[in-house]
Amino acid sequence: MKKKKLNIVWIKRDIRTQDHEPFHFAENNEINYLPVYIYEPSIINHSDCSLRHLQFTYHSILCVNKKLLPYNKSIEIFYQEAIEVFKYLNDKFEIKNIYSFQETGIRKTWERDKALSVYFKVNNINWIESQRDGIVRGIKNRDSWDKQWYAKMNTPTIQTNFAIQNKINLNNPFTFPVELQKKLINYPKLYQIPGETYAWKYLHSFCNDRGKKYSYHISKPTESRKSCGRISPYLAWGNLSIKQATQFVKNHPNHKPNKRSFNGLLTRLKWHCHFIQKFEQECDYEIRCVNKGYETMKYESKSQNIEAWKKGTTGWPLVDACMRCLEATGWINFRMRAMLVSVFCHQMDCNWKDGVYHLANLFLDYEPGIHYTQFQMQAGTTGINTIRMYNPVKQSMDHDPEGIFIKKWIAELKDVPIEFIHEPWKLTLLDKSFYNIKDTYPNPIVDLVSSGKKARTKIWGYRKNPEVKKESKRIVAIHVRNRFGNQ
C-alpha cells in the first residue's frame with residue numbers, strides 16, 4: 001500500500017501560531033502537515049533542563065492546540081529521541097518536507113541536528129530551516145550584523161492563515177511516562193502563565209501602563225516585577241518573536257510619551273539577539289570559558305558555600321531573598337541576576353561552572369545563548385568586558401532600602417528593623433532580645449571586604465596572562481562590531 005505524503009512542522013523554541021515561517025510554509029503547501037514537538041530524554045536529562053522548563057513548554061503547546069482545534073490540527077507531542085520519532089513517522093508516511101526554525105542551542109542539540117540532516121538527505125526529505133529572530137547562521141564577524149538585524153526587524157510579521165485539513169490519525173507510541181505527565185499538568189501558581197495568549201497580555205499591559213516607569217525601576221527587585229517587560233519567558237520559548245515584540249513596542253501610541261522607558265526595552269530586545277549570536281558562533285561557552293585563558297584560573301569553590309548560595313542561606317539578605325524568590329517564581333530582574341553571579345564567582349571565589357546550571361534550572365526564561373554568555377560576563381571570564389563586582393550590602397541599600405523585598409522572601413528577617421535589615425549580623429544580643437528576633441538567620445559565609453579585595457587582585461591580575469591577552473584579540477575579531485563596517 002502506497003504511503004500518504006506528509007509534511008511536518010517541527011516546533012522547538014517557537015511555540016506560537018503567528019510570525020511563524022514554518023507554519024506559513026506548511027499552510028501554503030498542498031500536502032497535509034503534522035506539527036510535532038519532541039521531548040527528547042537525552043536533552044531533558046541534560047544538566048541545564050528542569051521541570052519548570054518542561055511545564056512551561058507543555059502548557060504553551062496546549063495554548064497553541066486550542067487555537068488550532070477549529071482546523072483539525074494540533075501539535076503532536078512525542079517523548080523519544082528525535083531520530084527515532086522521525087524514523088517512525090517516515091515509516092508510516094512519505095515525508096516530503098520538514099519545516100522548522102534554526103536552533104541556537106547547546107552542543108547536544110547541534111550534534112542531534114547534524115545527525116538528522118544526514119538521515120533526511122539519505123531518505124530524500126527536504127529540511128527547510130527558517131532564520132530565528134535576528135540570529136544569522138554562519139557569519140565570521142559582526143561587521144554588518146547590526147544592519148542585518150534592523151533590516152530583519154523591519155520586515156512585516158508573518159500572518160498565518162490556517163485552513164481546515166483532514167485530521168491526521170496517529171497511534172503515537174511515544175507518550176509521556178505517567179508520573180512525568182502528572183508533573184507537567186500541575187503548573188505552579190507563582191510562575192508566569194505560559195502561552196501565546198498571555199505573552200500578548202503582558203506586552204499589551206507593558207505598553208498600556210506598566211512600562212511607564214521601566215527605566216526608573218529596572219534595578220529594583222520589587223518594583224521591577226511590575227514595571228519590567230516580563231516577556232522574557234515568552235521570548236525564550238517562542239510564544240512571542242523578537243520581531244513581534246519590537247514592532248509592537250516601537251509602533252505603540254504610548255511610545256512617544258514614554259520614549260526613554262520604551263527605548264530601554266527595545267535596546268534589550270536587540271541585546272537579546274546580540275548575545276544569542278555569540279552562542280550561535282561558539283556553543284562551547286556552555287562548558288568552557290569564553291576566553292580560554294581563564295581555564296587555568298584556580299578557585300576555592302567550597303562545597304558548603306556553593307550549597308549555601310543555592311539554598312539562599314549565605315547570610316547576605318538580598319542575595320538570599322533573590323535566590324528564594326527565583327526558586328518560588330522563576331524570575332528576578334537583571335541587576336539581581338548579575339549580583340548573584342558576581343557574589344558567587346568573586347566574593348565566594350567559586351568557579352562559574354559550579355553555579356551556571358543551578359541558575360539555568362531556576363530561570364523560567366532560560367535561553368542558552370543568553371545564559372552562558374551573560375553568566376561569564378559577570379564572572380569576568382571574557383577578558384574583554386569590564387569586570388563588575390557587586391557588593392550585596394550596597395545593592396540592598398540602593399535598591400531595597402526599606403527591606404520590602406528581603407522581608408517578603410526571608411521569613412527569618414521579617415521582624416528586623418530597617419536600620420539592621422541589610423546587615424543583620426550587626427544586631428547585638430540585646431537588640432535581638434529587644435526586638436524578639438530568633439537567632440535563625442546565618443552570618444555571612446565570608447567577609448565582604450577581604451574577599452572583595454582578594455577577588456579584585458586575582459581577576460584583574462589574570463588579565464595580564466599571555467593566553468588571556470591572545471584570546472581577547474580573537475574574541476574582539478569575532479564578536480565585537482566594527483562601527484565603520486556597520487554604517
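Trainee: What makes the reach of helix 15 fit the expected span?

Mentor: The expected span of a helix is 1.5 Å times one less than its number of residues. Helix 15 has 13 residues, for which 18 Å is expected, and its first and last C-alpha atoms are 18 Å apart. Helices here (H or I, at least four residues) and strands (E, at least two) are DSSP runs, numbered from the N terminus.

Trainee: Which ground rules apply to the values?

Mentor: This is a predicted model, in which local features need pLDDT of at least 70 and side-chain atom pairs count only at pLDDT 80 or more, while totals for chains, interfaces and linings use all residues. Residues are numbered from 1 along each chain as its sequence is written, and side-chain values use heavy atoms, leaving out hydrogens and water.

Trainee: Why is Asp113 called buried?

Mentor: Buried means under 20% relative accessible area, exposed means over 50%, and partly exposed lies in between (1.4 Å probe, protein chains only). Asp113 has 10% relative accessibility, so it counts as buried. This residue is found in helix 5 (residues 107–122).

Trainee: Which residues is Asp113 in contact with, leaving aside its neighbours within four places in sequence?

Mentor: Trp10, Lys12, Glu103 and Trp127. Contact means heavy atoms within 4.5 Å.

Trainee: What makes helix 15 "mostly covered"?

Mentor: Eleven of its 13 residues are buried, including Leu318, Val319, Cys322 and Thr329. Just after the helix comes Gly330, with a positive phi near 85°.

Trainee: And why is helix 16 called largely enclosed?

Mentor: Twelve of its 14 residues are buried, so the rest of the structure largely encloses helix 16. Among them are Met336, Leu340, Phe344 and His346. The buried residues of this helix pack against helix 14, helix 15, helix 17, helix 18, helix 19 and helix 23. Helix 16 covers residues 334–347 and reaches 19 Å from first to last C-alpha, close to the expected 20 Å.

Trainee: How do you know that helix 6 and helix 12 are roughly perpendicular?

Mentor: Two packed helices are described by the angle between their axes and the distance between the axes. Axes are lines fitted to C-alpha atoms, for helices over the stretch in contact, with angles from 0 to 180 degrees between N-to-C directions. Under 35 degrees counts as roughly parallel, over 145 as roughly antiparallel, 65 to 115 as roughly perpendicular, and the rest as oblique. The axes of helix 6 (residues 145–153) and helix 12 (residues 242–251) cross at roughly 75° and come within 9 Å. The two helices are therefore roughly perpendicular to each other.

Trainee: Which residues of helix 6 and helix 12 meet?

Mentor: Trp149, Lys152 and Met153 in helix 6 meet Ile242, Lys243, Thr246 and Gln247 in helix 12.

Trainee: How do you know that strand 1 pairs with strand 2?

Mentor: Two strands pair if DSSP finds at least two bridges between them. Strand 1 (residues 5–11) and strand 2 run parallel and are joined by five bridges. Asn7, for example, stands opposite Tyr33 in strand 2. Strand 1 is also joined to strand 4 (residues 94–101) by five bridges, again running parallel.

Trainee: What makes strand 3 and strand 5 edge strands?

Mentor: The open sheet of five strands has the order 3-2-1-4-5, with parallel pairing. Strand 3 (76–79) and strand 5 (126–130) each have a single partner strand, so one side of each lacks a neighbour in the sheet.
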